[in-house]
Every structure is written in C-alpha cells, then in structure tokens.
Amino acid sequence: MRCFSFLGAVLASAAGLWGQMLDPALLLKEPTTAWPTYNGDYSGRRFSPLDQINQANVGHLTLAWVSRFAPGAQGAIVGGEGPESTRNDALGFFGARIAATPLMVGGVLYFAMPDNAFAVDARTGRMLWHYFWKTKGGIHIGNRGVGMYGNWLFFETPDDYLVSLDARTGKERWHKQIADVKQEYFSTPAPVVIGNHVLVGTGGDSLDVPGFLEAHDPETGDVQWKWWTEPMKKGDPGAETWPDDYSMRHGGGMTWLPGTYDPELHLYYLGTGNPNPVETGASRKGDNLWTCSIVALNVDTGKIAWYYQASPHDTHDWDNVETPVLFDGVWQGKPRKLLAQAARNGYFFVLDRTNGEHLLTTPFISTLNWATGLNAKGQPVGDPKKEATIDGVLVSPSSNGATNWPPPSFDPQTGLFYVSANESFSVFFLSDLDPHPEGYGAAEKSAGSYGSSLKAIDYQTGRIVWQHKYPSEGGFGGPTGILTTAGRLLFTGDSSQNLIAFDPANGKILWHSRLAARVTNGPETYLLDGRQYLVVGAGDSLYAFTIEQ
Amino acid sequence: MAAGAMWGQAPAARPAPRAGMRFRPVSGLDAAAVERGRTVYESHCAFCHGANAKGGESGPDLIRSVTVLDDEKGDKIGAVVLNGRPDKGMPKFPLPPAQIADIAAFLHQKVFDAAQRSTYQVHNIVTGDAKAGEAYFNGAGKCASCHSPAGDLRGIAAKYDPPTLESRFLMPRVGGFEAMMSGQGPDPRTQTKVTVTLESGQKFTGRLDSIDDFNVSLTTAEGEYHSFARDGDRPKVLVEDPLQTHLDMLTRYTDTEIRNLTAYLVTLK
C-alpha cells in the first residue's frame, strides 16, 4: 500500500458543494455519485454499477486518505438529555468502532457512532463537524449510521432518542424519545428515509419488551405510524401463536437493522428479532409471530402485507434481522421479484417478494444441528432436544449465529449471494427455572468454532458455489460486511485486519491491504470528481482507497 | 511474495490479557439493603406478588413493572406502597422510608439479576451416568488415547467446577471473547504448531503466532520470531492444532455423551 500526495483532490474540495442537500431521486437509483442510504440503495444488494476500479487495475488500488474519529464531548456540538459528562460513552463494549455505513451526499460523508455523529469531507477525510449526545444510559454496543432527507440528518441513540441534525452545520433541529431506556431498550439502527417517512427501529433483549418500527415525519419528528412486532391483544391476527396477552406484550422481536424497499410494490421489508424471554420458550408456547420473521409493511400505513417466519418459536437468540436483499431474477424459467436472506439461524431463504411465497430454504453452514428438517412452508423445524436444559445442550450455531448484522451482498453479474459466515458452537444451560422466566432465561458457554468464511450462494439452488475459509489464530472472528461492484470485484474484511478484494465469480484474492483494525462496517463506493473511491470503516478510522491516476 | 522475511529477534508481542479484566457488570446496590429489603418484601409483598417478585395470583410481576424500572431509590415504589392501589385491591402499607428504600433496593437487584445475563447461574449439570461416561472415555470417545485419569487428568475435578470442567473438555483453548472475559492467557499445551517450508527446502517450526491469507508468523522453541509473506500455497504451511480432535468431536457428540463424560470427569477428584 502506497500513500501519495492527493493534492488534486484537496484543491477540488474547495470547489465542491459542501452540504448539498439530498435529491430524493437519488434514492431510487443504483448508487454512483452518492451513497444516500444505509445499503447504498433500497434494494439491500450493496452492488455498485461503478467499474473504474476493476479486476484489471485493482492491484493499483491505493490509500487516498485515512482519518481517525474521537467520540466524546471535546470540540463537539453537545446535545442530549443525560447528565453533564465528559465521559466518552461511545467507548462502550467494543471501544470506538465505526459500524455505520457512512452516507455520501454532495461530497460529504455522514456517519454515527453511539452518541456521536460526524460529517467528513469525502475528498480528504477532514472532519467538518462533530455532534455529541449526552446519554442517560443504554447499552453502547454499536450504531449503524444516519438517514438523510433534504438537508436533514437522523440518527438514533443508545438511550432511545431520534435526533435530527442540520447536515450543513451539525446543529440539532430536534430530538424525540422513541423508547424508554429504563425498560432496557437501546437503539442501534440507521434510520431509513422513504418519501416523507423516517423509519426508526429499536433494540433491547434484556427484559422482555415488545419491538416496533415507527415512521416519523422528517420535518416535525412526529410519529406517523407505529407497527408492533407482536399482536397486542387476544383476537388480533397472530395472537393464536402466543399463550396469552402478557407473553405477547413481553415478546421481544426487536428491529435492530434497516430494512429494504420496493418502490413499485410500495412495501418495506424488515427482519424482526428473536422472541423473549430469549433462550427459553416455557412461557411463550407457540410460533410467536411476528418475531424472527421477514415482514412486508405498507410504507405509508405500517400495515403488514405478508410475513414469513424463518425461526418459529426461536429459543437461541437468532434475530432474523439480517438484510432481506431484493433483486429481480429468474425462478424456474420465469422472471420473478425475489427476496433473499442469509439468516442468523444458518439457513438461506428465497421468497417471492410480491406475496411472501416461499421458494427455497437451504442451510449455508455445515455444523448446523438444531433443526430436524423443514416443514411444508420451508421453515426449519426446531429440535426440542436442542432447547436449553439445566444440564446443557450443544448447539450450532451459537447465539451469535451463522451470520450476524454485517451486511451481505448480491451481485447481479454473477447471480450469487455473498455472506460472511461462522461455524460456531455453544452450550445453552437453562438458568431461570420459574414457569415465567425473564430476560435471557439461560446461560450460554462458548464451545469453540470451525472458523469464519466468505460464502457465495447460487440463489436458484442454494448451492454454495465457492467459499473462502479464513485461516486465523485466536482473536475475534465474526462476520464482516460485503460490497460487490460492476468492476467484477467483491470487497470485504477478514479477522486479521485485512481489507480484501475477491473475484466474485470464483473467490480468487486479487488485492488486499492490512489496516490498523479489522473492518467493522460494510464497505461502500462512490464516484467523486470523476474518480471512484472505496471507503471502509475499521475501528475508529475511515479509510478511502482509489486508483492512482 | 514468498521471500522469508525473517527477523530473528524478540518474540512478537501477543496482546497480553489484562490481568483480572472482567466485563461482569455489578448492580452497584448495597447488598445489606438488598437483604433487608428481601425480608420486608417477603413479609409484606410476596403474598400477592410472588416469592420471586414475578407476580402471583393477585399481584402483577414487579420485575418488568414500569413503575419499578422508572424508580430511583424508592421515589416511585414508595408512593404505591404508601397509598396502595385501591382500584386494584392493593392495600396501603404505612412503612417507614428506610424500609421502602430497602424494598426498592431488593426489587432493583431482582431486575438486575434478570437483565444481566453474564451473571446468570448455571445449576447442577451433573445428571449423566458416570459409568457410561467412563466407558465412552475409554471406548467410543477415544479420550484415553491422549488422556488418563491417573496422568494429566489427575485431580481435575478438584481444579474446576463442573460447568468449567465441561467447557474445558469441549474446547480446551480459551480464546477470543472468553479469554477477554476471564483474563486468562493461552495454555501452552493448547497452542497450535506450524511448519513453514521454503522453496529452498528450509523448514521453520514453532508456535503459530498469527496466520491469514497473506502472512504466517511463528516463534521457535528457541524463542526466535519469524514472519513469512504468503502467496497462495507458497511457501508451504502446515498447521497442526493439538486440539483438532476436540474440534472434530463437536459434530460427533450427543448431548447424552457429553453429560455422561462430565459425570465421569467430576469423579476425578
């Protein structure tokens, strides 16, 4: 990796239109000169049509800039409802970690870490402003980023506020409470803006609260609609999958991640989290709708159009929130609007996204041992012998899952779906013996792992066309985000701090660069001043790569 | 390129685990107040709200109660205790402020215990058949081909409690997250061995320090560190994990075999 003086771009930045507002038409196109929403576009494919960086020149990919970001109040615009504090709250469980996929609009990158939002010159990495939120608490585990509407930015905080900032200045416009941190809610998602709806989810597994998705007005912040992930009372659709009102009102189903959207069908596709109590189903017999499901919601009303439950009655913490990826493909000879998901429970699903019709289910890890097979709807049938017992059961995957939040990718040029996978084991011990357990209800002990790999799945058959197993020794494994491009490249990270370019057709490694930390977000790419950049977050830093010209 | 970029100097620094670093949260509540609160709760509240505060026949669950969750040192709970909920049949309890504060401490501890999974207790896991476990150890499990109760496993049950003992035979190498949680360093017996063979035929063997698709590094028995660039299958790299059999077993064990093995191993005091 060579560093070089990037004087040309620095000069160009002076002429750039900083803080240019987001043209909503950009949201309906494949991402080229902007990355205007979490997944680049609404499809969740994380495929870029750019090919300036391609197989022929990727060997010359070189660092344009690297920039570190320090969370905390120092030098920041300060807001928030919490106590006066100089404590650096984003240095939570993982330390300062960029899990967000920055938006890039008008030459400016916008991203967040827990309690912190930043604007950065996309040409140089120079910070333009920094906003810091004084927190009341909540688990500071990660933040997936910001949403944008015109000049307005939106991000969520661990203590459950939706905060809107002026993208030009970083000054706060308003903040709205979306949930109660004292009930153990904490919020990590990146808001998704569709039309004049800011879609906001939340999280929190510790004390059995119900999940929801709500739409906010981008101007006023007012709630337009709210969709609960469980039925609220006996007699409501889905209530037959719970024993009583009390269990469904404490049924979990968190909305941890941004969903995807089909503008023609006007449907928002969202994965929902696990039911609660998390690791024991004693007090919630039944399928527990709409937890661990893919749901299609009318984006104007929040009404559910259809659902598909990937893990009926989950007892292993396998949130089904992994990106529901949308693409148009050929299914048994006919063109069809498809939705595919590589789920945390270890199965790959393909559905018809117009109506939720099930098309395919196949496992994508070899160690999976918790299901006895599939039912007529293609849903895995959980083996009751693999639910937590006092004396323990060995389960694969572990609660971290066969994959997790880092975004997958679908490449229309190869027709392959790419996912970062883990083959791990855990023993689940039932710890809460009450007939009405609370929280997780079980203790889990890690029992080892066969390691992590990058897998390329043929969506028509579920067959793994190629996989690359990462050699590694110790350290944290875990999945990493993926980007594919028309330059016939796939970018992702390994657990040894390498950013790697693969040939998406066959898994051959074409380029790599070792960073100062492992890749912690989904890589993105955009064209700026006619030059294609690849931007990736690793720990507290953003790295921008380009082809030397 | 496969050039053996060597620097036979000081061993590479593995990140040293911080001694005693633990991520177990603490409630921060006064344990004596929690215990006093338990006594007051049991005599005044348990009849309706259940012995464990999860709700009874006439009183609701207090652990998931928004009033309890919003409470700070009895400021919300106190009002309910003193005034009762006449509309719901809850009488008034004219308790002094100190006792209300103690009840609050007890309930907040119950909330903490439910919400903090890293504090959950594993109960008795020794439910297997020790004789069957011994037979598995010497037979189908092939444990005896590497281990013996009179040798390396002598007194093992005195060293570890049953859940730890079971964890240690399922995966003896404590790594990654678990290592961070426990603050334990690597056990030398579980360290992976690697042999790097250059095109010249020169071989380097030692403890594997790091490996990815682009580099492999090792420390020899003499303490010399060597690092090699990797390019596909050049140079040749042979990784030998002493725990490979343990890993392979994870897809072979039945839960019954694991329980029986645990029941047998806990007899090796």
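Chain B is built from eleven helices and five strands. Chain A has another make-up, with two helices and 37 strands. Both chains belong to a predicted model. The model scores ipTM 0.91 and pTM 0.93.

## Confidence

Chain A has an average pLDDT of 93, and 94% of its residues score at least 70. Residues 1-19 of chain A are an exception, with pLDDT below 50. In the model, that stretch has 41 contacts beyond near neighbours in sequence. For chain B the average pLDDT is 88, with 86% of the residues scoring at least 70. In chain B the pLDDT stays under 50 over residues 1-23. The model gives those residues 44 contacts beyond four places in sequence. Where pLDDT is low, the coordinates should not be read in detail.

## The two chains in numbers

The table sets out burial, long-range contacts and surface for each chain.

| Property | Chain and value |
|---|---|
| Buried residues, chain A | 67% of 549 residues |
| Buried residues, chain B | 41% of 269 residues |
| Contacts at least 6 apart that join residues at least 24 apart, chain A | 61% |
| Contacts with a separation of 6 or more that join residues 24 or more apart, chain B | 57% |
| Exposed area, chain A | about 17,500 Å², 53% from carbon and sulfur atoms |
| Exposed area, chain B | about 14,600 Å², 55% from carbon and sulfur atoms |

## Chain A as a whole

How does the radius of gyration of chain A stand against that of a compact globule? A compact globule of 549 residues would come near 24 Å, and chain A has 22 Å, so the two agree. Along the principal axes, the C-alpha atoms of chain A fill a box of roughly 65 × 50 × 45 Å. Chain A carries 41 positive and 56 negative charges. The mean positions of these two sets are 4 Å apart.

## Helix 11 of chain B

Helix 11 of chain B spans residues 255-265. It is mostly covered, with nine of its eleven residues buried. Among the buried ones are D255(B), I258(B), R259(B) and N260(B). The run from L261(B) through T262(B), A263(B) and Y264(B) to L265(B) is buried too.

What do the buried residues of helix 11 pack against? One partner comes from chain A: strand 26 (393-395). The others are in chain B: helix 6 (130-138), helix 7 (156-159) and helix 8 (162-170). Helix 11 thus has partners in both chains.

## A tyrosine in contact with both chains

Y120(B) sits in the loop between helix 5 (97-115) and helix 6 of chain B. Is Y120(B) buried or exposed? The relative accessible area of Y120(B) is 12%, and the cut-off for burial is under 20%, so this residue counts as buried.

The contacts of Y120(B), leaving aside neighbours within four places in sequence, reach both chains. On the chain A side they include S431(A), E438(A), G439(A) and Y440(A). G441(A), A442(A) and A443(A) are also in contact with Y120(B). Within chain B, the contacts are D113(B), A114(B) and A115(B).

## Backbone points to check

Most residues other than glycine have a negative phi, and most peptide bonds are trans. Four places in the model are worth a look here.

The peptide bond from L289(A) to W290(A) is cis, with omega near -5°. W290(A) is in the loop between strand 17 (267-271) and strand 18 (293-298) of chain A. Chain B has a cis bond from R234(B) to P235(B), where omega is near -15°. P235(B) belongs to the loop between strand 4 (225-229) and strand 5 (236-240) of chain B.

D160(A) is not a glycine, yet its phi is positive, about 70°. The loop that holds D160(A) runs between strand 9 (152-156) and strand 10 (161-166) of chain A. D160(A) is buried, with a relative accessible area of 0%.

H266(A), also not a glycine, has a positive phi of about 65°. This residue lies in the loop between strand 16 (260-262) and strand 17 of chain A. H266(A) counts as partly exposed, because its relative accessibility is 29%, and that class lies between the 20% and 50% cut-offs.

How values were computed. Residues numbered from 1 in each chain as written. Chains lettered and ligands numbered in written order. Predicted model: local features only at pLDDT ≥ 70, side-chain atom pairs only at ≥ 80, totals over all residues. Heavy atoms only, no water. Helix = DSSP H or I, 4+ residues; strand = E, 2+ residues; numbered from the N terminus. Rg over C-alpha atoms; globule rule 2.2 N^0.38 Å. Buried < 20%, exposed > 50% of the residue type's maximum accessible area, 1.4 Å probe, protein only. Contact = heavy atoms within 4.5 Å. Areas by Shrake-Rupley, 256 points an atom, 1.4 Å probe, with all protein chains shown as cover. Lys, Arg positive; Asp, Glu negative; His and termini not counted. Charge placed at Lys NZ, Arg CZ, Asp CG, Glu CD. pLDDT = per-residue confidence, 0-100.
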